[in-house]
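Thanks for making the time. I will talk through one structure, and I will keep to what the coordinates show.

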Amino acid sequence: MNLASRHEVTLLGLASAFMVLAAATLGVSNYFRFETYDWEIALGVGVWAVCAWVAFFFARRALPRHDPYLLPVAYLLSGWGLLLIGRLSTGFGLRQMLWLMVATVVLVGVMHLPGNLRWLRRFRYTWLLLGLGLTALTLFFGVNPSGMGQELWLGGFGIYLQPAEVLKLLLVAFLASYLADRREQLFEAHTRSAQNPKPAVFPTFSYLVPMLLMWGFSMLILLIQRDLGMSTLFFSLFIVMLYLASGRLRYVVMGLCLLFIAALSAYLLFDVVRLRVEAWWNPWLDPAGRSYQIVQSLIALAAGGLFGRGFGLGFPGLIPVAHSDFIFAVVVEEWGLAGAIAVVGLLAALIVRGLRVGLIAPGIFNQLLAGGLTALLGLPALLILGGVIKLIPLTGLTLPFMSYGGSSLLVNFVILGLLLHLSNAEYQKV
Amino acid sequence: MSHQFHRLSLAFSLMFALVALTVGYWNFVEGPSLLARADNPRRYLVERRVPRGSIYAQDGTPLAIATGPAGQLVREYPYPTLSPLIGYASPLFGIAGLEAAADGVLHGDAGRSLLEVYWTDDVLNAPPPGRAVTVTLDLAWQNIVETGLDEAQVEAGAVVVMEAATGKLRALASRPTYDANLLADQWETLTTDPRAPLLNRPTMALYQPGGALWPFILAEALQHNYGDLDATFPFATDPIIISGQPLPCHTVPPETALTLGEALQYGCAQPFTILGKRLGTSVLVRNFTALGFLEAPAITLPTVATPNTTFTESVALMAIGQGQLTLTPLHLAQATAALACGGVRPTPQFIAAVEAPDRQHIIPTLPTTTTQIYSSEVVSAVAPLLAQGYTANALAGKAGQTNTWFMGFAPAANPRYVIVILLEGGDAAKIEALGQMLLAQAEANVSAPGCRGEGGSGN
């Protein structure tokens, strides 16, 4: 076993120890609070441990030189999230556990895919149109598993999938592929060189068009569905990919200006947006009505203190829908500022390692793909964390790996698998 | 292309750091104010498993207890008519009344050091149970008052029964009342009811004193040798114009020239306007301050006082109690005790004992007022005018509504109890009957000490 593998075993071992201790704490808390024994906690930890170590086993076999930090951190976050969701509601906890098992199987499958991901690069339009089609289906057949609210899911009989989650992955693949192929043509017009002493401000428009069209379709579907969190995510993703491909900050600046203009028009045009922004700007005006969720979230943040109330001893159930968007507020109330820093640190570690994969990956496509996939993990995390702590208005996104949500967990594990693949790629014959 | 990745890595790290800093901000900078918000039910949710301290009457009968299965304790109030006074402490509806005023003791954190609270409550999450509070309420008296109010079918009013010598409050009744055990079902109707059943009228409702103020004006005038009890005022029956409305005598007297004593008896305001003009605003304000009218009584209950203490109105209006000054029945009770008991105003007292962290009971010592407001000659001149009970009218702020006051003490020679009654929408016969019944009870009850020295056997 080489050094990286030994590191990974240590990390996964620490993660397992944390899970066992946390589950034991929860069991003791529940016993003293409600005088019940919760066998589901033990079941959850057991299933999680099996999933984590099985995934590690297959990762070592299929991808011998993969990054040793990504898998343990991702599993630690999903295990912690599993315990938190189970603490809030046994029903949701068991569902999340099932989705974790499915996600692990899919992860193992992704890890065994052919090494160079050429199939992803070649058929970029096919994949993207497939994603767009699935998402467009929600316009006609969309449902919501909770029975009310935006109808962004497809499915039935207890199994629901959110196509927008799949679409975001396919969009990243499409952008990575397109930018890798067309990079020089796009950006040579404004790259200073011997042939081009006076560079233009914008890239060559004709090459920009297909990309803009594809991105535009995605945004359109999302805006019609009023899924504003996803729209913001897609827009930011586009900016990040452009920046990674071109290396020019002007795209970031332009993109942010456009985002601001879009946000402003959305605020003026859509009531939903205006209500959200007003609830964010001054939640104290209507703390019992519209802003109840964010005010209770802030109170939960304050109730945490330095080390938290103790696992199972707080009152996070006061926050509506705490198991998905507001899982971070639950962490802060029961684990305190220490827990908050731990979660933020784990997410930051995930992002930094993911970007490192992009740094060392062979070939422009692999680099862009790794960068885009990491952004797919980091941007929703920042957006939802910012919303929960009232830094930015609330968006309906989920915290990667921790929040409740089957399709979110599944897609995030696919991203993890692809990143593991890419971290191994430099040692494969491309 | 590597510098893009480095820069992106840095950008993400900075933004995550910003998130962590913001959490720290909410936790430490805004933490205390967020946790003190009314919609933070955590303090009272904890009481579902850690029992809140009980409230007992003077004889040990529980007035509020935490009962129920472990982990799901609820607050029970065995005497629902006391609800405006005792209040409630609920995760859903907040906190009010005595439960609010004594919350530190009842919840269990008063008197414990910050470090100890942090260690047991936050780190170990094992807060100690709340501690008990005993109040000076005498349930026998309270039952007499409540029965009297029910039999007289009083819709809105307040009664205060106070021990004249010690200031201990033996009965406080408020009508309309509500049942704090039924808050979950009735909250909506209670908070929107225009008759305000949640209001504890003896301590929290401000009323125009009207005729109830005149004995004090009389006493003040005698103190300054301005008035003479034998002199007659020729125009005593003239009505006083208040905001265009005439205020005639309460009952029609046999003749137009009355002495001050007769003016009190028939409820004629005119002589008191003359007294007021002779005394002047500053003297009156000093008198009000000495009687404690301008500040909320310092007892362990939510209390109020008149909001505006700069008096810009005419002295005449001020002197007849129809000006800016508003009083609660409790204010009037402590002032009446001054007139009854040799000119010294007692400090009202509501808490008899408080349980300390070491489970011993502590009887709180209160500062007592010893300033002589009126000389004993004045008291012996004025007190007999009130001894058989004194009924007075006051025009309320709302057009046409009159409130009726009743003040009295018994026994006359050595007062043991002071009785103050207020009925909204005055009914003189009702209040007279109720007042006389309570005075008779006060005569008969020998357990309290008399304020002129002898007697008493109680605590």
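I will start with chain B as a whole, then take the cores, two sets of strands, and two single residues.

One point before anything else: this is a predicted model.

Chain B has 459 residues, and 53% of them are buried. Its secondary structure comes to 18 helices and 17 strands. If you lay the C-alpha trace of chain B along its principal axes, it spans about 105 × 55 × 40 Å. The surface that chain B exposes is about 18,900 Å², with carbon and sulfur atoms supplying 58% of that area.

On charge, chain B carries 24 positive and 37 negative charges, and the mean positions of the two sets are 8 Å apart. On contacts, take the pairs in chain B that are at least 6 apart in sequence: 66% of those contacts join residues at least 24 apart.

Now the cores. In soluble globular proteins, nonpolar side chains tend to be buried together. Here the largest nonpolar core has 142 residues. The residues with the most contacts inside that core are A:Tyr75, A:Phe328, A:Leu369, A:Leu373 and B:Phe16. Which element gives this core its largest share? That is helix 13 of chain A, residues 327–360, with 18 residues.

To look at one member, A:Leu369 touches A:Leu117, A:Leu120, A:Val172, A:Ala173, A:Ala176 and A:Leu422, leaving aside its neighbours within four places in sequence. There is also a second, separate core of 99 residues, and its members include B:Leu169, B:Leu258, B:Ala337 and B:Ala392.

Next, an open sheet in chain B. Six strands make it up, in the order 3-2-1-6-13-14, with mixed pairing. Strand 3, residues 74–76, and strand 14, residues 361–362, are at the edges with a single partner strand each, so one side of each has no neighbour in the sheet.

Follow the strands at one end of that order. Strand 1 of chain B, residues 55–56, pairs antiparallel with strand 2 of chain B over two bridges. Within that pairing, B:Tyr56 is opposite B:Pro62. The two strands form a hairpin with five residues between them, and B:Gly60 in the turn has a positive phi of about 90°.

Strand 2, residues 62–67 of chain B, then pairs antiparallel with strand 3 of chain B, over three bridges. B:Ile65 is opposite B:Glu76 there, and B:Thr67 has B:Val74 as its bridge partner. This is again a hairpin, with six residues between the strands, and B:Gly68 in the turn takes a positive phi of about 120°.

Now strand 7 of chain B, residues 157–163. Is this strand enclosed or open to solvent? Seven of its seven residues are buried, so strand 7 is largely enclosed by the rest of the structure. B:Gly157, B:Val159, B:Val161 and B:Glu163 point one way, while B:Ala158, B:Val160 and B:Met162 point the other way, and all are buried. Note that B:Glu163 is in that list.

Strand 7 has antiparallel pairing with strand 17 of chain B, residues 417–423, over seven bridges. In that pair, B:Val159 sits opposite B:Ile421. Strand 7 also runs antiparallel to strand 8 of chain B, residues 169–175, and six bridges join them. There B:Met162 is opposite B:Leu169, and B:Leu169 is one of the residues in the second core. Strands 7 and 8 of chain B form a hairpin with five residues between them, in which B:Gly167 has a positive phi near 80°.

Last, two single residues in helices. B:Ala340 belongs to helix 16 of chain B, residues 329–340. Its relative accessible area is 0%, so B:Ala340 is buried. Beyond its neighbours within four places in sequence, B:Ala340 contacts B:Val379, B:Phe409, B:Pro415, B:Cys451 and B:Arg452. Its C-alpha atom is 9.3 Å from that of B:Ala413, which is 73 residues apart from it along the chain.

B:Gln436 is in helix 18 of chain B, residues 428–444. Buried or partly exposed? B:Gln436 is partly exposed, because its relative accessible area is 31%. Outside its neighbours within four places in sequence, B:Gln436 contacts B:Gln388, B:Gly389 and B:Phe406. The C-alpha atoms of B:Gln436 and B:Gly408 are 8.8 Å apart, with the two residues 28 apart along the chain.

That is what I have, and I can take questions.

How values were computed
Residues are numbered from 1 along each chain as its sequence is written. Chains are lettered from A and ligands numbered from 1 in the order in which they are written. This is a predicted model: local features need pLDDT of at least 70, side-chain atom pairs count only at pLDDT 80 or more; totals for chains, interfaces and linings use all residues. Side-chain values use heavy atoms; hydrogens and water are left out. Helices (H or I, at least four residues) and strands (E, at least two) are DSSP runs, numbered from the N terminus. Buried means under 20% relative accessible area, exposed over 50%, partly exposed in between (1.4 Å probe, protein chains only). Contact means heavy atoms within 4.5 Å. Accessible areas come from the Shrake-Rupley method with a 1.4 Å probe; for residues, only the protein chains shown count as cover. Lys and Arg count as positive and Asp and Glu as negative; His and the chain ends are not counted. The place of a charge is taken as NZ of Lys, CZ of Arg, CG of Asp or CD of Glu. A nonpolar core is a set of buried Ala, Val, Leu, Ile, Met, Phe, Trp, Tyr and Cys residues joined through side-chain atoms within 4.5 Å. Two strands pair if DSSP finds at least two bridges between them.
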